[in-house]
Amino acid sequence: MDEKLVVMLSTEGTYPFHQGGVSTWCDILINKLKSVDYVIYSVIMDPFVTQKFKLPRETELVKMPLWGTEEPSEHLKTPFSKAYLAKKRTNAKTVKELFIPLFTDLIQEIVSLEKNPIQFGQTLLALYRYFQEYDFKQSFKNELTWDTYKKIIRETVDNPKNRFGQPDIYCLIQSIGWIYRFFNIVNTPVPKAHVSHASAAAFCGIPCVIAKLEHNTPFLLTEHGVYLREQYLSLAKRDYSSFLNTFLIRMIHTVTSMNYAYADQVSPVCHYNTRWERKFDVKPENIEVIYNGVDQRIFTEAPSVKNGSLTVVTVARIDPIKDILSLIRSADIVRKQIPDVKYVVYGSVSVPEYYEECLKLRDQLGLQQTFTFAGHTSNMAAAYQSGDVIVLSSISEAFPYSVVEAMMTAKPVVATDVGGIKEALSNTGILVTPFDVEGLAEGTLRLLQNPELREAMGKEGKERALNFFTLDKVLELHLKSYIKLAVGAKDIVDSRTVAEAAVTNQTPGIVKSIPVVELEASNDRVKMKLFMEKGYALLLNGFYREAIEQFRNAIAEHEESTSTPVLLLEIAFAYKQLGEHEQAINELEKYELLMQYIELIKPA
């Protein structure tokens, strides 16, 4: 059997140590894409966090704790002799001649208003190489490093054009402490892989950039939310000084810009997020939206549980961003017209103070018998099925699983018009303005008081979910992205167009068990890669018939490769562009037959 495609999936504060939408997405990829071996590079707060997800036996885990360690190399499996020699080599001379120039470049880019993300990536690569020979802690703790840092900051804040507040000694120590902790990532060896895949345009993208520069590894960046925007919102809740606020957001801005600059493909989970990526000058041809999807075999349609009362269900953590307070106020309005209505919120408490505020408001409004906090549930499908209407009152979202899961269970949805929710619902649900308590209540009442509308809207939502947001489509598009990047063919037609043109039915068997071409081995595989590169280059430039010929040559070189079904879809797309629809259908039939065969031979 051929070796599998190896993907380094880099996460930050999520998988496999924390639950949530991003972790759900990671777990789906790792457990469902059987033809890919993953290496998880997890940036975590400290080494003591509990792992929440069990990884497949073949999945390697690299932990990169930012805090909670005395020595920066504690998390590494470095032999004592190597660590000792690194410390011994790190002296005043090496720090002055080798480290300080790189450290200066690092700090100057971070504090600068104008960003140079390409140069910043090169600086991180140079630091990565430096720390393979010299000690991280001794380099940073050297007195010359501290003096250099103070000098750069003093020069920066003294220039009013830089718009920095004056720091005190605490601010200087805190800010260089952030540098010391966050950039310990460059002190951690980056595993080799065919593709690196970051789950956010954040610090977890640093190993992906290093892998690209050091090993020429293609870089796929997925954005569930917009990391920089989320950090802006988060800063508003922190009691930092003006200097620290500015320093932190510029540091994050620097890292985010670098992610966008180096990513070969940026895949937000909705078109709404692309406006941020365009703002950061990501080329339109490098953006490919891959929507979140759910398993229609789990989130099935079922009648509401009949308990004598109409029930409104919300699936969301108890957090200010979910605006549960507006939901409670809307419940008070709905109860005045439907006295026995029930509201149930499923979700864990992420902000205890906010939960207490919610309980206080509920009690003030006398909704103790109406509004229930049911806590976390492991049976999400049953939670949706228990409701007559699903409501989401968030003030900020990307492309929430809760909306798509509700649609898949054929439940009508009332939601605030934020993020990608409109893309998910289209005209199959009711959208309201954030913080609009009366609008939220009105939309909920409209559905609760009209059973025919509830049923019709629920069925329309389910049909839309089946067409656009299935788990199988998510897996298919990610595997296609991995293969295209691995063969150096990122500049291709939009995968959404290909999928819409080629896949007319669900294909549950796709990419579950066939081996992936090993791109660096054997003559036939090398030839296949060359043919694929030529084919994608021709396809990009509109030479569809010539592209078809190259794709057929690629398939002939290595028919058992996982690339084969992907190439059949590309051939079908090319024929469709040529207007030869019968030929396109023939290629789709070959694709379907191959998928059925793969399903038959897959391991039990």
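Trainee: How many of the nine residues of strand β2 are buried?
Mentor: In this predicted model, local features need pLDDT of at least 70 and side-chain atom pairs count only at pLDDT 80 or more, whereas totals for chains, interfaces and linings use all residues. Residues are numbered from 1 along each chain as its sequence is written, and side-chain values use heavy atoms, with hydrogens and water left out. Strand β2 (residues 36–44; strands are DSSP runs of E, at least two residues, numbered from the N terminus) is mostly covered, and the number of its residues that are buried (under 20% relative accessible area, 1.4 Å probe, protein chains only) is eight.

Trainee: Which residue of β3 stands opposite Val39?
Mentor: Strand β2 pairs (at least two DSSP bridges between two strands) with β3 (residues 60–65) in the parallel sense, over six bridges. Within β3, the residue opposite Val39 is Glu60.

Trainee: What is the bridge partner of Thr11 in β2?
Mentor: Strand β1 (residues 5–12) runs parallel to β2, and eight bridges join them. The partner of Thr11 in β2 is Ser42.

Trainee: Which strands stand at the edges of the six-stranded open sheet, each with a single partner strand?
Mentor: The sheet has parallel pairing and the order β9-β8-β7-β10-β11-β12. One side of each edge strand is left without a neighbour in the sheet, because each has a single partner there, and these strands are β9 (371–375) and β12 (430–432).

Trainee: Which residue of β8 is the bridge partner of Thr311?
Mentor: Strands β7 (residues 311–315) and β8 (residues 342–346) run parallel and are joined by five bridges. In β8, the partner of Thr311 is Lys342.

Definitions and conventions: Helices (H or I, at least four residues) and strands (E, at least two) are DSSP runs, numbered from the N terminus. Buried means under 20% relative accessible area, exposed over 50%, partly exposed in between (1.4 Å probe, protein chains only).
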